[in-house]
Amino acid sequence: NAFCAVMTYVTFRRMFQSRAVGMVACALWTLSPYRLFDRLWLSSSAGEYVALGFFPLIAYGLFSMFFAERRGASRLGWLWCALGVAGVIYSHVISTLLAFVLFFPFLVALLVFRHDARAWGQVGLAALAALLLSLGFLVPFADYYLNADLAVTALDSASKRLKAATHALQPAQIFLFAPPVTGISSPPTTVDEMPFSVGWAAISS
């Protein structure tokens, strides 16, 4: 929690040059019901709530890579980005996919508006550094995935689609402010479920 709060505050304060924005971003991200209640309190998903603490580093890295002239940007934006990505990979595999879904559209949009040699060089450097920093996890993970008998590889396509459909996020869950924190995921209803929303962050936006 301390790591997540400090990283969020520091990175957003630098990006927006405002202590107030840093504090608000810190509160929204650290106290998000999904992270605080569901991942940390109910399910004790240590890997996932640790991984979420690295998301602000990726955001700050992208900001510094594409807006190096801005006050608060770091000359080592590629390193911030690489450290954030590597931190997510080492902490929680599924969060790697979530980070990709969140940040890849931003990366594409930034490259559309700023695609000079320096920008591409920063992106390439960040990707290479993230890959090298993550090899300690990626190599044994790939070996285990390819050679072990895993349930995820044993399911057929129809079973995977059924699981994805029955456990999908309901639109109403996104905007729940104070969902119950005593239940479990029980599709297709949202009664007595875990809090999957971002709560007041979505409402305030």
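Cysteine 26 counts as buried, at 13% relative accessibility. In this predicted model, the cysteine sulfur closest to that of cysteine 26 belongs to cysteine 4, at a distance of 7.3 Å. Because a disulfide requires sulfur atoms within 2.5 Å, this separation is too far for a bond. The relation also holds from the other side: for cysteine 4, the closest cysteine sulfur is that of cysteine 26, again at 7.3 Å and too far for a bond. Cysteine 4 is likewise buried, with a relative accessible area of 2%. In agreement with these distances, a search of the whole structure finds zero disulfides.

Histidine 92 and glutamate 48 were examined next. Histidine 92 lies in the loop between α6 (77-91) and α7. Its relative accessibility is 19%; since the buried class comprises values under 20%, histidine 92 counts as buried. The side chain of histidine 92 forms a polar contact with the side chain of serine 95, at 2.7 Å. When residues up to four places away in sequence are not counted, histidine 92 touches Gly47, Glu48 and Ala51.

Glutamate 48, one of the residues touched by histidine 92, is located in helix α4, which spans residues 46-52. Glutamate 48 counts as buried, with a relative accessibility of 4%. With residues up to four places away in sequence again excluded, the contacts of glutamate 48 are Tyr34, Arg39, His92, Ser95 and Leu98. Ser95 therefore appears in this list of contacts, and serine 95 is also the polar partner of the histidine 92 side chain. With respect to arginine 35, which is 13 residues away along the chain, the C-alpha atom of glutamate 48 is separated from its counterpart by 8.3 Å.

The packing of two helices was also analysed. Helix α7 (residues 93-113) packs with helix α8 (residues 117-147) at an angle of about 170°, and their axes are 14 Å apart. Because angles over 145 degrees are classed as roughly antiparallel, α7 is roughly antiparallel to α8. On the α7 side, the contact is made by Val93, Leu107 and Leu111; α8 contributes Trp120, Val123, Phe137 and Phe141. By class, the contact of α7 with α8 comprises seven nonpolar residues, with no polar and no charged residues.

Key. Residues numbered from 1 in each chain as written. Predicted model: local features only at pLDDT ≥ 70, side-chain atom pairs only at ≥ 80, totals over all residues. Heavy atoms only, no water. Axes fitted to C-alpha atoms, helices over the stretch in contact; angles between N-to-C directions. Helix = DSSP H or I, 4+ residues; strand = E, 2+ residues; numbered from the N terminus. Parallel < 35°, antiparallel > 145°, perpendicular 65-115°, else oblique. Contact = heavy atoms within 4.5 Å. Nonpolar A, V, L, I, M, F, W, Y, C, P; charged D, E, K, R; others polar. Buried < 20%, exposed > 50% of the residue type's maximum accessible area, 1.4 Å probe, protein only. Polar contact = N/O pair within 3.5 Å; in protein donor to acceptor, adjacent residues only side chain to side chain.
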